[in-house]
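Biologist: I have some questions about the labels used for this chain. Please set each value against its definition.

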Amino acid sequence: MEKKNPLPLHVSHVNNLSIITNRLHAFFHCIAIAFFIYYRISFLFQETRAVPFTPWLLVFASEMILSSIWLLGRAYLWHPVSRTVFPERLPEDDKLPAIDVFICTADPEKEPTIGVMNTVLSAMALDYPPEKLHVYLSDDAGSLITLQGMREVYRFAKWWLPFCKMYQIKTICPHAYFSETENDDTNSSDSTEFFAEKNKIKEKYEMFKERVMNVVEEYRNGQDHPTLVEVIQDNSGGTKQAGCVHMPLLVYVSREKRPDHLHHFKAGALNVLLRVSGVISNAPYILGLDCDMYCNDPTSARQAMCFHLDPKISSSLAFVQFPQKFHNINKHDIYDGQFRSTYRVLWQGMDGLKGPVLSGTGYYIRRDSLYGSSTERGIDLAKLKNSFGGSNVFVKSLHPNYKHNNVNERNFSSALLQEAKILASCTYEYSTKWGEEVGLLYQSVSEDFFTGFILHCKGWTSTYLTPSRPQFLGTSTTNLNDLLIQGTRWGCGLLDVGISRFCPLLYGPSRMSFFQSMAYGELSFFPLFYCLPLWCFATVPQLCLLNGIPLYPEVSSSFFMVFSFIFLSAISKHLQEVLSTGGSIYTWRNEQRIWMMKSVTAHFYGSMDNILKRLGLRKASFVPTNKVLDNEQIKSYEMGKFDFQTSTMFLVPLVSLVILNIAAFIGGAIRTISVGNWDKMFVQLLLSFYILIINFAIVEGMVMRKDKGRIPPSAILLSTVFFMIFLFLGSVALMY
């Protein structure tokens with residue numbers, strides 16, 4: 001009798017109508033761009049030129065840069081897919097592989113300890129065999145508060161985990177669960193016993209919070225402290241106390257940090273966890289989480305295993321990526337905190353190629369994919385130590401059949417913990433391949449992006465899963481200052497890859513598909529390829545408008561229709577994507593505004609940071625975003641008002657450009673009326689008007705608001721001075 005094929009663990013879905021629409025739009029848009037390029041080039045062959053060469057060249061170059069980045073972005077829309085998983089078809093629990101959970105924190109002031117501990121608790125409460133789940137927390141600050149918080153987590157978890165399992169709780173983060181006004185995720189919602197148990201657990205949770213928050217921090221230096229590795233467990237004697245075996249392993253790791261040693265930010269912390277976990281639990285799969293990204297659904301591990309345990313794809317599958325979603329975003333989402341475009345469009349598009357980018361959190365990755373080719377059979381011990389360092393215990397863990405008995409027996413000898421401390425020392429990586437060929441890579445401060453790119457170049461694939469219930473929920477930036485600081489850091493990190501020898505457009509095509517290279521190229525260059533054109537479009541046409549210099553086709557010209565088509569085509573396609581992914585016209589407006597604001601500030605400074613770093617004039621930096629806001633900032637966000645309490649470095653460019661566009665629109669309109677050349681200057685008037693309408697929040701912050709979150713008068717005055725200087729110098733330059 002012929003053996004039936006087992007039911008699939010997952011299926012993929014292709015929206016053919018969407019693919020056809022995307023490709024047709026790209027085709028017609030490309031034709032329009034070609035006609036517009038012809039219009040621009042024909043300027044060179046005119047015997048008498050009514051337009052100075054300099055502004056024409058700047059605008060043409062900007063149009064070509066924007067067209068290039070737009071063309072690269074078509075790769076996302078070429079073949080997007082979505083996926084469905086069937087975790088009920090997985091094998092029995094005893095056949096599931098073990099999972100190590102890595103959580104990183106760096107500053108207990110910006111990343112409150114109680115929030116970090118909630119993330120740890122949610123990871124411990126995942127619906128997965130507890131003996132196969134091991135949770136590691138990296139504390140780069142070496143904080144007593146964080147260490148004591150982990151000890152308190154272990155005590156509270158003895159109550160929280162059985163409660164979640166007994167009543168099938170879906171919201172497994174205690175803070176989120178007890179903050180909900182209604183809980184419809186239990187099978188015992190009408191049970192008196194359930195409510196009594198819930199109230200008891202809530203009391204335990206309040207006591208847990210109080211104990212954590214009452215810890216007094218001793219003096220600490222986050223950049224200068226020794227190694228500390230502690231397995232959090234009962235110390236009352238014995239190795240199999242009640243409740244101990246049935247709880248996930250919990251490990252606190254604070255790596256050694258010294259001012260005169262490079263620590264490589266988050267990538268360095270993750271590589272330490274990779275080594276320390278290798279000698280303690282050595283699970284074949286790793287869940288990476290940010291400290292503020294708690295597990296919102298207990299089934300994420302089983303859903304990820306639907307891909308990792310599929311024999312058809314498992315041999316080449318490096319990681320399964322879930323989207324980042326956030327619990328603190330309101331209906332206005334004025335800062336585009338949900339990253340709708342990234343997680344609803346771009347990553348699904350890359351999933352139809354060879355998989356999405358490694359996104360820093362919410363991913364399940366194979367351990368051996370991070371070890372590179374150094375673990376291939378036939379490599380001798382000396383070469384392994386050359387790559388992985390001199391620890392014999394860790395090198396043994398590289399063997400695919402090597403098994404630890406530490407976790408099952410909960411017996412961690414002092415010698416083993418001492419070995420773990422050596423692996424977490426700041427000198428261990430010297431003369432090894434860590435960060436270069438092994439582990440998370442150090443080429444960029446956006447270590448996740450670069451590591452994922454290299455994995456794809458080596459032939460690994462990834463998948464993207466977006467279940468209806470968010471698997472992980474985090475805290476998004478909800479103020480302008482943190483948004484722009486974060487954007488600057490990301491821009492610098494992405495450009496680290498774009499202008500290196502690993503440039504995706506050059507390094508990628510021979511190692512991955514052409515479309516995948518295009519997608520990675522768009523990501524690595526968009527900070528630079530957006531900031532330069534947008535600075536140009538926000539200044540040059542406006543200066544020309546004030547001086548009566550036309551840069552675009554007359555309304556009566558046939559090429560005006562080409563320009564109009566390109567403009568409306570781009571806007572309407574963006575609007576269509578927003579509406580099709582559950583957004584609204586306000587979402588579209590917010591995304592347009594944040595795109596403009598970040599391009600002329602965060603992307604510009606990120607690009608400059610990268611260039612200065614490469615010239616040796618600046619060191620790489622990593623500043624965690626602040627997770628603590630004052631009440632007025634929270635109130636402004638809830639009301640949909642921008643909070644302009646940010647650095648003058650960010651405010652001056654924004655305000656200066658708005659002042660320039662106000663002056664250009666008013667002055668240009670007056671000049672146009674008096675001269676009567678509407679058909680020649682209409683496009684430039686429309687451009688200034690469009691910029692002002694989209695960025696009206698800045699005008700409001702300058703003129704109408706009197707609250708603490710307004711744009712301060714000092715920033716307006718300084719911006720006005722910059723505007724006057726720029727207006728004078730720009731007008732002189734435009735004559736050539």
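Biologist: How much area does the chain expose, and what share do carbon and sulfur atoms supply?

Modeller: About 32600 Å² is exposed, and 59% of that comes from carbon and sulfur atoms. Accessible areas come from the Shrake-Rupley method with a 1.4 Å probe; for residues, only the protein chains shown count as cover. This is a predicted model: local features need pLDDT of at least 70, side-chain atom pairs count only at pLDDT 80 or more, and totals for chains, interfaces and linings use all residues. Residues are numbered from 1 along each chain as its sequence is written, and side-chain values use heavy atoms, with hydrogens and water left out.

Biologist: Why does the radius of gyration agree with a compact globule?

Modeller: The radius is taken over C-alpha atoms, and the globule rule is 2.2 Å times the number of residues to the power 0.38. For 736 residues a compact globule would have a radius near 27 Å; the chain has 28 Å, so the two agree.

Biologist: What makes a residue buried, and what percentage of the chain is buried?

Modeller: Buried means under 20% relative accessible area, exposed over 50%, partly exposed in between (1.4 Å probe, protein chains only). Of the 736 residues, 57% are buried.

Biologist: What makes a set of residues a nonpolar core?

Modeller: Its members are buried Ala, Val, Leu, Ile, Met, Phe, Trp, Tyr and Cys residues, joined through side-chain atoms within 4.5 Å. The largest such core has 96 residues; Ile99, Trp160 and Phe453 have the most contacts inside it. Apart from it lies another core, of 43 residues, including Val276 and Leu423.
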